[in-house]
Amino acid sequence: MKDNMKFETKAIHVGQAPDSATGAVTTPIYQTSTYFQESPGKHKGYEYSRTGNPTRTALEECLASLENCKYGLAFSSGMAAINTVMGLLKSGDNIISTLDVYGGTYRLFKNVFNNYGLTFTFVDTTNLENVINAITPATKMLWVETPTNPLLKIVDLKSFADIGKKHKLITVVDNTFATPYFQRPVDFGIDIVLHSATKYLGGHSDVIAGAVTTNNETYYKRLKFCQNAIGGVPGPFDSWLVLRGIKTLVVRMKEHFSNALKVAEFLNSHPKVEKTYFPYLASDPQYELAKKQMSGMSGMIAFDIKGGYKETKKFLESVKLFTLAESLGGVESLISHPATMSHSSLTPEDKAKMGIKDNLIRLSVGIENVEDLLKDIEQALGK
Ligand SMILES: *Cc1c(COP(=O)(O)O)cnc(C)c1O
């Protein structure tokens, strides 16, 4: 049945049949840490909630189905998910990663896992020759975000997966910015898909959570083992919040995309804007590739405002509907300054290499009325 369901239906039904004990239509929040055993080892499938919890199971099944995967795992944060994926590796292994990854991912790689003997090579993955050239006998994993954070660069998923297969490397895609509604990396041959469910999956800026999905049974078994061994699991209520968010993922994403496209077009033609980053602008060099592997775009836009930090700061302080805050993907519009916020842990050299300048602004366009959002940007630019 679930194999035949369309995306919109899966979001609402997979893992979420009426509760077998009570008939509750909405998945109950099983707020328990432990479970009764009739005799040692004889139980109804659950023994301890770090290992498994029915509310989390519902979420994990739903996440897997949305990504066209057999297996899903939920985590207490995107970072906990990434930490667990590192459990597939061992000391001495090398990971080749997109240069402009999420700042927290970069920090975890460079300042934590480097100390454990993993090595990381950061390259511009928009040119896959850079990936091929960086492969050494120690390389075990290829890591990308697409679109990237914050510059929304697109990586060719099919070619990326092919490189991974040819060299027998594990391919991982952080799909947070696209969401499974617009992009399903396993359809292009990617091994592991990862999310900060804090963002669009949760969708309401009210929960921190992460997700990993895969079709590979070997990787899944190790990841499931590591999920339990490391313990970065979401509580039942957080699992429920993400599940609730996912029910409206489709309707939210359509609005995010339609609003963001209008905002990006407005910025792109405004004299006070130097450059707009949004792959669905027809003038964007990555537009064709974006259309090939995504069916739309989320509400993420970046742009360079004309001038330096002074003009940038003035704009950030002048917007009224866009809230200056970390994070993204909620129903409300947010604005941020990557250089001092999400990517502040990078060295000035790394920021320069990535193209994160002091006049770069990132928008997470929400689902408010787009005319109000445009008016807000216009008045802030006019100042
Ligand atoms: C936010 C984010 C993360 C980290 O997720 P948390 O839920 O904040 O731990 C990872 N990758 C991307 C692309 C993100 O935006």
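Two strands count as paired here if DSSP finds at least two bridges between them. With that in mind, welcome to a set of close-up views of this predicted model.

**View 1. The ligand and the residues around it.** Here 13 residues surround the ligand, and the closest of them are Gly-78, Asp-174, Ser-196, Thr-198 and Lys-199. Sorted by class, the shell holds five nonpolar, five polar and three charged residues.

**View 2. Polar side chains at the ligand.** Which atom of the ligand lies 2.7 Å from a polar side-chain atom of Asp-174? For Asp-174, the partner is a nitrogen atom of the ligand. Thr-198 places a polar side-chain atom 2.6 Å from an oxygen atom of the ligand. Lys-199 also offers a polar side-chain atom, 2.8 Å from an oxygen atom of the ligand. As for the surface of the ligand, 390 Å² is exposed when the ligand is taken alone, and the protein buries 94% of that area.

**View 3. The seven-stranded sheet.** Follow the strands across this open sheet and you will read the order β1-β7-β6-β5-β4-β2-β3, with mixed pairing. Why is one side of β1 and of β3 left without a neighbour in the sheet? Both β1 (71-75) and β3 stand at the edges, and each has a single partner strand, so one side of each has no neighbour in the sheet. On average, and with direction ignored, neighbouring strands of this sheet are turned by 20° against each other.

**View 4. β2, β3 and the helix between them.** Strand β2 (residues 94-98) and strand β3 (residues 119-123) run parallel and are joined by five bridges. To find your place along the pair, look for Ser-97, which stands opposite Phe-122 in β3. Between β2 and β3 the chain passes through helix α4 (residues 103-111), making a β-α-β crossover that is right-handed.

**View 5. β4 beside β5.** Five bridges link strand β4 (residues 139-145) with strand β5 (residues 170-174), and the two pair in the parallel sense. A handy landmark is Met-141, whose bridge partner in β5 is Ile-170.

**View 6. Two cis prolines after β4.** The peptide bond between Thr-146 and Pro-147 is cis, with omega at about -5°. A cis bond also joins Asn-149 and Pro-150, where omega is about 10°. Where along the chain should you look for these prolines? Pro-147 is in the loop between β4 and α6 (157-166), and Pro-150 is likewise in the loop between β4 and α6. As background, most peptide bonds are trans.

**View 7. Lys-168 ahead of β5.** Moving along the chain, Lys-168 is in the loop between α6 and β5. Its backbone is worth a look: phi of Lys-168 is near 55°, a positive value in a residue other than glycine. For context, most residues other than glycine have a negative phi.

**View 8. The five-stranded sheet.** This open sheet of five strands has the order β8-β9-β12-β11-β10, and its pairing is mixed. Its edge strands, β8 (273-277) and β10 (323-324), each pair on one side only. How many bridges connect β8 and strand β9 (residues 300-305)? There are four bridges between β8 and β9, which pair in the antiparallel sense. To get your bearings within this pair, start from Val-273, whose bridge partner in β9 is Ile-305.

Definitions and conventions: Residues are numbered from 1 along each chain as its sequence is written. This is a predicted model: local features need pLDDT of at least 70, side-chain atom pairs count only at pLDDT 80 or more; totals for chains, interfaces and linings use all residues. Side-chain values use heavy atoms; hydrogens and water are left out. A residue is near a molecule or strand if one of its heavy atoms lies within 4 Å of it. A polar contact is a pair of N or O atoms within 3.5 Å; within protein, one must be able to donate a hydrogen and the other to accept it, and residues adjacent in sequence count only if both atoms are side-chain atoms. Accessible areas come from the Shrake-Rupley method with a 1.4 Å probe; for residues, only the protein chains shown count as cover. Ala, Val, Leu, Ile, Met, Phe, Trp, Tyr, Cys and Pro count as nonpolar, Asp, Glu, Lys and Arg as charged, and the others, Gly among them, as polar. A crossover is right-handed if, with the strands pointing away from the viewer, the path from the first strand over the helix to the second runs clockwise. Axes are lines fitted to C-alpha atoms, for helices over the stretch in contact, and angles run from 0 to 180 degrees between N-to-C directions.
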